[in-house]
Amino acid sequence: MTKHDFPKIHFYDQDFVDIYDKTWAWIQDCWNSGGSQSGIEGKFFSYPESQVVTQADAILSSFFLVYSNRIFQAHPTLDLFYSRQEPNGAIRNAYDTSTGAPIKEKDNSEGLGMPLFAWAEHNIYHKSGNKKRVKDVLPILCRYSTWIDSVFKKANGLYKTPLSATGMSNLPRGDAYYAMDFNTMMAINMLYMSALADILNDKETSFQYKRQYFSLKTRINSLMYNAADGFYYDINKNEKQVPIKTIAGYWPLLAEIPNGEKAERIIEKLSDPKFFGTAHPFPSLSVSEKEFDEAGRGFRGSVYPYLTFMVIKGLERYQRWDLARECAIRHVYFMLDSMNPEPPANTKGDSSAPPHHKGILWEAYLPTKEGPAKWTGKPAFPRPQYLTFDALSTICLTIENIVGLSISLPRKTVDWVIPNLEIMGVENLSLKNNMITILSNKSGRGWEIQMESEKLYYFTINILGVKEKTLPIPSGKCSILIDKL
């Protein structure tokens, strides 16, 4: 097996394979270096057209870079932020890559970003098995969490933050004071801080964050969930709900906040055309809201791949593999149908513009038909080839939800959920020092799964939600006949 290439995917629709391959080629353009005065060492992942690197770049890119077979490392951009932690624990949302200085934001003076570093690090650990990294980063993340608490946590246990810290600039929120999505992100942070401490067998730290998580979970459920509407809302200064349905209402799934009944009521709105069940899943604002715009207009209805990724990962928490896969496939089809062979308007005639390899992925999409979203008066929106968002779909969702593989290197496990029998799989995927291939195919003996590995690992297959079996897979080549399971 080759050790110096990206893993290959196999899927019955070759367009999915092609865009997956092209994305890896485009990612090479996103590795940048700091200016001579920046103090930034090494390469980092960010949008090529920008002199700014953001927490979103660092956190979200790590979820697809872990699949590069270590050709592209997932951690350097995260380390750029950690190396700039201030004595009080603060890590700012964005830095100028030419000077290394934090970007001062008028409506976010503290430079607060989405607090999801622990989620990213937990995922990196399961794809790399690097326990030493967990030991190195946990103290940094503890200081960061303490800083957020000291500045933004109020007496009622909730977090009052600038709404821009949620990353959703023009989302209509009424008189929201406590943002439901930021508070839920803090619950996600606590959940994964506890999990990182468990990896190190640090029981005291694990218990501390678990207790904080359950306390915040209780507050979110009691104040932000509306039983009549079956949805989570922001609340105002008087702790009254602001009944505007936005995609932010799905962060609680990722944080495992709703019980089964509440989750079902939230999830059913993803298929309802009156709410979030648009042709291209999922709009950032419910169709039922008066400010919903079919043109997208930023967060007034645009489909953002990173938010679709968030919803799909939330569906996984409640074992809704079928809906997660169906929506991931529809989402990538719309991305494919929206690719334009022409370069974007702001790069025409510019010989320095990066080649677009016969097609463009976009920062945001129309919710009801194919094509990039639109925002009158904002010609730079949406950004072309914004891979921080797009590669989450064309690489991460493709491997994890469309092909259906879930990998944990520390556990030496690969889980494969196959909702229907199709020709698909992954070839030459590196599990640290173990290259594996898993392919389903139809032979004269019926459907079989062909596997190749250099070392022993444990393989769990779930077929159609009916058959499930865990098998030790030895080194070398072997195959499993599905009819014999």
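Over the ring of which residue does the charged end of Lys160 sit? In this predicted model, the ring belongs to Tyr177, and the charged end of Lys160 lies 4.9 Å from its centre. A second arrangement of this kind involves Arg383, whose charged end sits over the ring of Tyr47, 5.7 Å from the ring centre. With these two contacts in view, the overall fold can be described.

The protein chain holds twelve helices and 17 strands. Its radius of gyration is 22 Å, which agrees with the value near 23 Å that a compact globule of 485 residues would have. Taken along the principal axes, the box filled by the C-alpha atoms is roughly 65 × 60 × 50 Å. Of the 485 residues, 59% count as buried. The accessible surface comes to about 19,900 Å², and carbon and sulfur atoms account for 50% of that area. Links across the sequence are well represented here: among contacts between residues at least 6 apart, 62% join residues at least 24 apart.

Turning to the interior, the largest nonpolar core contains 160 residues, and the members that touch the most others are Ile27, Tyr250, Ile438 and Phe459. Helix α6 (residues 180-199) supplies the largest share of this core, with twelve residues. A second core, separate from this one, has five residues, among them Val242, Ile244, Leu285 and Phe292. The surroundings of Tyr250 can also be listed: with residues up to four places away in sequence set aside, Tyr250 touches Phe231, Ile266, Ile267, Lys269, Leu270, Phe276, Met310 and Val311.

Helix α2 (residues 55-65) is largely enclosed by the rest of the structure, because eleven of its eleven residues are buried. These run from Gln55, Ala56, Asp57 and Ala58 through Ile59, Leu60, Ser61 and Ser62 to Phe63, Phe64 and Leu65. One of them, Gln55, is in contact with Asn93, a residue of the loop between α3 (76-82) and β5 (94-96). Asn93 has a relative accessibility of 18%, below the 20% limit, and therefore counts as buried. Beyond its neighbours within four places in sequence, the contacts of Asn93 also include Val53, Thr54, Phe81, Glu105, Gly111, Leu112 and Gly113.

Aromatic rings form a further theme, with a count of 36 aromatic pairs. Phe6 and Phe72 make a tilted pair, 5.6 Å from centre to centre and with 35° between the planes. Phe6 belongs to the segment before β1 (8-10) and Phe72 to the loop between α2 and α3, so their pairing ties together parts that are 66 residues apart in sequence. Both rings come from buried residues: Phe6 has a relative accessibility of 16%, and Phe72 one of 11%.

Another pair, Tyr304 and Phe389, is edge-to-face, with 6.4 Å between centres and 75° between the planes. This pair also links distant parts of the chain, as Tyr304 lies in the loop between α9 (260-268) and α10 (305-317), while Phe389 lies in helix α12 (residues 387-403), 85 residues apart. Tyr304 and Phe389 are both buried. Ring pairs join these two residues with Tyr47, Phe299, Tyr306, Trp375, Phe381 and Tyr386 in a cluster. Tyr47 brings the description back to its opening topic, since the ring of Tyr47 is the one beneath the charged end of Arg383.

Key: Residues numbered from 1 in each chain as written. Predicted model: local features only at pLDDT ≥ 70, side-chain atom pairs only at ≥ 80, totals over all residues. Heavy atoms only, no water. Core = buried A, V, L, I, M, F, W, Y, C linked by side-chain atoms within 4.5 Å. Buried < 20%, exposed > 50% of the residue type's maximum accessible area, 1.4 Å probe, protein only. Helix = DSSP H or I, 4+ residues; strand = E, 2+ residues; numbered from the N terminus. Contact = heavy atoms within 4.5 Å. Phe/Tyr/Trp six-rings, centres within 6.5 Å; stacked < 30°, edge-to-face > 60°. Lys NZ or Arg CZ within 6 Å of the ring centre and 35° of its normal. Rg over C-alpha atoms; globule rule 2.2 N^0.38 Å. Areas by Shrake-Rupley, 256 points an atom, 1.4 Å probe, with all protein chains shown as cover.
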